[in-house]
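Open the model in your viewer and keep the sequence panel at hand. We will go from stop to stop, selecting residues as we go.

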Amino acid sequence: MRVIRSGKFTAEEAWGAMNIANMNGITTKLHWTDKPYKWHINEGEEVFVVLNGMVEMHFKEQGAEKSVMLQAGDIFYASEGTEHVAEPFGEARVLVIETDGTV
């Protein structure tokens with residue numbers, strides 16, 4: 001058992017992560033960032049939860065680039081094959097649940 005105070009978590013570099021759990025090949029990680037990630041496609045599904053801060057999630061749907069602004073408490077679900085990139089505004093902490101070994 002452990003309690004994680006996500007609001008106090010920081011990392012040495014953008015997208016640094018704290019591994020929280022690995023349950024049957026599905027990882028849960030707490031990330032801290034102040035910089036965008038990179039465009040990528042996950043090998044499986046991904047659940048992306050903004051815990052604090054604001055993140056603009058860019059994604060491609062049928063070849064067209066779209067985006068949505070996510071605030072604390074918002075959840076973004078990327079189905080397998082969804083190309084996407086997260087761009088924070090200032091610091092953000094996000095919880096990411098995905099298949100172990102995914103980018």
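Start by selecting Gln62, which sits in the loop between β4 (46–61) and β5. Keep in mind that this is a predicted model. Check the backbone here: phi of Gln62 is near 55°, a positive value in a residue other than glycine. Most residues other than glycine have a negative phi. Is Gln62 buried or exposed? Gln62 counts as exposed because its relative accessibility is 85%, and the cut-off for exposed is over 50%.

Next, select Asn24, in the loop between β1 (16–23) and β2 (26–33). Asn24 is not a glycine, yet its phi is positive, about 55°. With a relative accessible area of 82%, Asn24 is exposed.

Now step back along the chain to the segment before β1 and pick Glu12. At 88% relative accessibility, Glu12 is another residue that counts as exposed. Add Trp32 to the selection and draw a C-alpha to C-alpha distance: Glu12 and Trp32 lie 9.0 Å apart in space, with their positions 20 residues apart in sequence.

For the last stop, return to β5, which spans residues 64–71, and select Met69 within that strand. Why is Met69 called partly exposed? Its relative accessible area is 35%, so it falls between the limits of under 20% for buried and over 50% for exposed. Then add Met54 and Phe89 and switch on the surface: with Met69 they form a nonpolar patch there. Together, the three have about 260 Å² of accessible area.

Definitions and conventions
Residues numbered from 1 in each chain as written. Predicted model: local features only at pLDDT ≥ 70, side-chain atom pairs only at ≥ 80, totals over all residues. Heavy atoms only, no water. Patch = residues over 30% accessible without salt bridge, like charges linked within 9 Å, V, L, I, M, F, W, Y side chains within 5 Å. Areas by Shrake-Rupley, 256 points an atom, 1.4 Å probe, with all protein chains shown as cover. Salt bridge = Lys/Arg side-chain N within 4 Å of Asp/Glu carboxyl O. Helix = DSSP H or I, 4+ residues; strand = E, 2+ residues; numbered from the N terminus. Buried < 20%, exposed > 50% of the residue type's maximum accessible area, 1.4 Å probe, protein only.
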